[in-house]
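Here are some comments on the structure, set out as numbered points for someone reading a model of this kind in their first year. Please keep the sequence and the 3D view open beside the note while working through them.

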Amino acid sequence: MVMSKSAYEESRQKRLEENRKRMEELNLNKLAQSLHTPKPSPMKRVKPRVPKQALDLSMIRRSSRVADLPVRSYKEVPVEPMGRAGGRTRGYSSGHSRRDLSNRVYASDEDREYATQRAEDLQSGLDKDIPSFVKPMLQSHVTGGFWLGLPNWFCKDHLPTRDVTINLVDENGDESDTKYLHDKKGLSAGWRGFSIDHELVDGDALVFQLVEPTTFKVYIIRVNDKGDDSN
């Protein structure tokens, strides 16, 4: 059975009216309207930027404990290099400058052996009753750490069993105080000044003669001076 046009339209209007009433009962019209209406988003408040040059550091709040003190400057200040005061300084409180380790010169094995042989020849001519030993110089003795280890047997047989000051006397009679460390069996503070003052280099050979319980007479054989056996 085919519905007439007027009957269909009347039925459609009836359904629309029923749907409208149902929506009003459920309050769907207002809900749909609220979904389609965009809400304005709150604007984020941004603090204005202050240029660095406009900052006045003197106005920064300071602790009451230091408020009365002058404002401290943190600029880098060049440091003056320390030099020697009053010429050459001896002893282990001296202010000798450190050597440039990049300019180290190493002795050849041949020159080192020849200097050591000359030192042993010199030692053989000394008084046999006075203890002595030969010590060839290495880079660690004359640059950088400036530590001079002594022969263990010599320390055990002839040197004090405690830390003491040992005096080094060169061939000209000039004296230098050094610190002998019993446990480490070597010369520490003061040896650096002696080494620099006497311009010792790698390969030199020294003869240490214990003329007194805490005094060494020191003879220096230069590795770069082959023709002079008297030095």
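**Notes on strand β6 and its surroundings**

1. Strand β1, which covers residues 132-136, is joined to β6 by five bridges, and the two strands run antiparallel. Within this pairing, Val-134 stands opposite Val-207 in β6. Please bear in mind that the model is a predicted one.

2. Strand β6 is also joined to strand β7 (residues 215-221), here by seven bridges, and these two strands again run antiparallel. One position to look up is Leu-206, whose bridge partner in β7 is Ile-220. Between β6 and β7 there are two residues, and the two strands form a hairpin.

3. Why can β6 be called largely enclosed by the rest of the structure? Strand β6 spans residues 205-212, and six of its eight residues are buried, so the rest of the structure largely encloses it.

4. The aromatic pairs number seven. Among them is the pair of Phe-133 and Phe-208, which is stacked, with 5.1 Å from centre to centre and 10° between the planes. Because Phe-133 lies in strand β1 and Phe-208 in strand β6, this pair ties together parts that are 75 residues apart in sequence.

5. Are the two rings of that pair buried or exposed? Phe-133 has a relative accessible area of 3%, and it is buried because the cut-off for that word is under 20%. Phe-208 counts as buried too, at 0% relative accessibility.

6. Finally, Phe-133 and Phe-208 belong to one aromatic cluster, which also includes Trp-153, Phe-154 and Phe-216.

Methods: Residues are numbered from 1 along each chain as its sequence is written. This is a predicted model: local features need pLDDT of at least 70, side-chain atom pairs count only at pLDDT 80 or more; totals for chains, interfaces and linings use all residues. Side-chain values use heavy atoms; hydrogens and water are left out. Buried means under 20% relative accessible area, exposed over 50%, partly exposed in between (1.4 Å probe, protein chains only). Helices (H or I, at least four residues) and strands (E, at least two) are DSSP runs, numbered from the N terminus. Two strands pair if DSSP finds at least two bridges between them. Rings of Phe, Tyr and Trp (its six-membered ring) pair if their centres lie within 6.5 Å; planes under 30 degrees apart count as stacked, over 60 as edge-to-face and the rest as tilted.
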